[in-house]
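User: I am new to this structure and would be grateful for a close look at a single part of it. Please describe one helix and its surroundings in a connected account.

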Amino acid sequence: MLTDPSILFQIAGIGIIVALIHSILKQMGKEEIAQFATLIGFIIVLVIVINGLSNLFQQIKSVFLF
Amino acid sequence: MKWIGALLLVGATTWAGFEWSHRLIMRPKHIRLIKNALQILEAEIVYSQMPLRDAFQRVAGQIPNPVHSFFYGLYAAMKEKHIDFYEVWKSQVDRLMERSCLHRNEREILYQFGRTLGQHDFYQQQKHIQLALTHLERELEDARDEQLKYSKMAKTLGILSGLFIVLLLI
């Protein structure tokens with residue numbers, strides 16, 4: 001069950017904005033900074049997703065172990 | 001409350017982006033002003049053969065801010081006390097740096113130029129002014145390139161980074 005759908009919109013928004021920043025920086029000829037910005041966006045999204053996953057595993061643990 | 005904070009954040013980063021792009025746009029203008037001022041100074045020195053102090057006053061009268069206050073400050077400082085000219089020049093250049101959008105390169109050029117000012121005869125002085133003008137022309141090209149490249153990007157990046165931070169915190 002998804003309790004809070006706003007996290008989906010948050011991740012989607014971050015994706016769109018990182019893509020925009022990447023394309024603008026690339027257009028201006030700053031390839032390395034563009035790659036770096038994309039990497040940072042990816043890491044941030046990864047952290048959010050891992051938080052959600054850890055919640056999921058905690059819940060499974062609480063269902064089966066206790 | 002949340003939305004007010006979000007709006008404030010986006011507004012602040014947008015403003016920062018616009019300020020950055022404004023500095024990029026103003027830099028070539030200020031370099032051009034300094035070039036004009038040096039050309040007027042050359043005319044005053046070589047043709048009118050004025051003393052430096054009066055020449056500075058004349059230049060200040062013909063050039064808008066912030067270069068106006070630079071030359072007027074030089075004139076006022078030279079009228080007030082009789083210390084080493086290079087010290088006066090240096091402190092005024094530093095004050096000009098705070099008020100305008102010039103970079104470190106222009107500061108070095110002006111320092112170098114100030115060292116030669118008032119040390120030579122007309123002919124040599126004219127050569128030194130031409131040298132400073134050539135250096136400034138090079139910097140002007142550079143600044144114009146940078147303006148074309150980055151001024152739009154600075155604005156867009158300001159807005160986008162604001163939206164990004166808001167999305168992260170929401």
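Analyst: The account below follows helix H1 of chain A, from its own geometry to its surroundings. The model is a predicted one.

H1(A) comprises residues 6–27. Its 22 residues reach 32 Å from the first C-alpha to the last, close to the 32 Å expected at 1.5 Å a residue. After the helix comes Gly29(A), which has a positive phi, near 85°.

The two sides of the helix may be taken in turn. Ile17(A), Val18(A), Ile21(A) and Leu25(A) are the buried residues to note in H1(A). Viewed down the axis of H1(A), the buried residues fall within an arc of 105°, and they therefore line one face of the helix. On the face turned away from this buried side, H1(A) carries the exposed residues Leu8(A), Phe9(A), Ala12(A), Ser23(A) and Gln27(A).

The cover over the buried residues of H1(A) includes helix H2 (31–64) of chain A and helix H6 (122–169) of chain B. One of the buried residues, Ile21(A), also belongs to a nonpolar core of 14 residues, which includes Leu157(B), Phe164(B) and Leu167(B) as well. In general, nonpolar side chains tend to be buried together in soluble globular proteins.

The helix also takes part in the contact between the chains, to which chain A brings 9 residues and chain B 11 residues. On the side of chain A that touches chain B, H1(A) gives the most, with 7 residues. By class, that side of chain A has 7 nonpolar residues, 2 polar residues and no charged residues.

Terms used:
Residues numbered from 1 in each chain as written. Chains lettered and ligands numbered in written order. Predicted model: local features only at pLDDT ≥ 70, side-chain atom pairs only at ≥ 80, totals over all residues. Contact = placed C-beta atoms within 7 Å. Helix = DSSP H or I, 4+ residues; strand = E, 2+ residues; numbered from the N terminus. Nonpolar A, V, L, I, M, F, W, Y, C, P; charged D, E, K, R; others polar. Expected span 1.5 Å × (residues − 1). Buried ≥ 20, exposed ≤ 12 C-beta atoms within 10 Å, placed from the backbone. Arc of directions from axis to C-beta. Core = buried A, V, L, I, M, F, W, Y, C linked by C-beta atoms within 7 Å.
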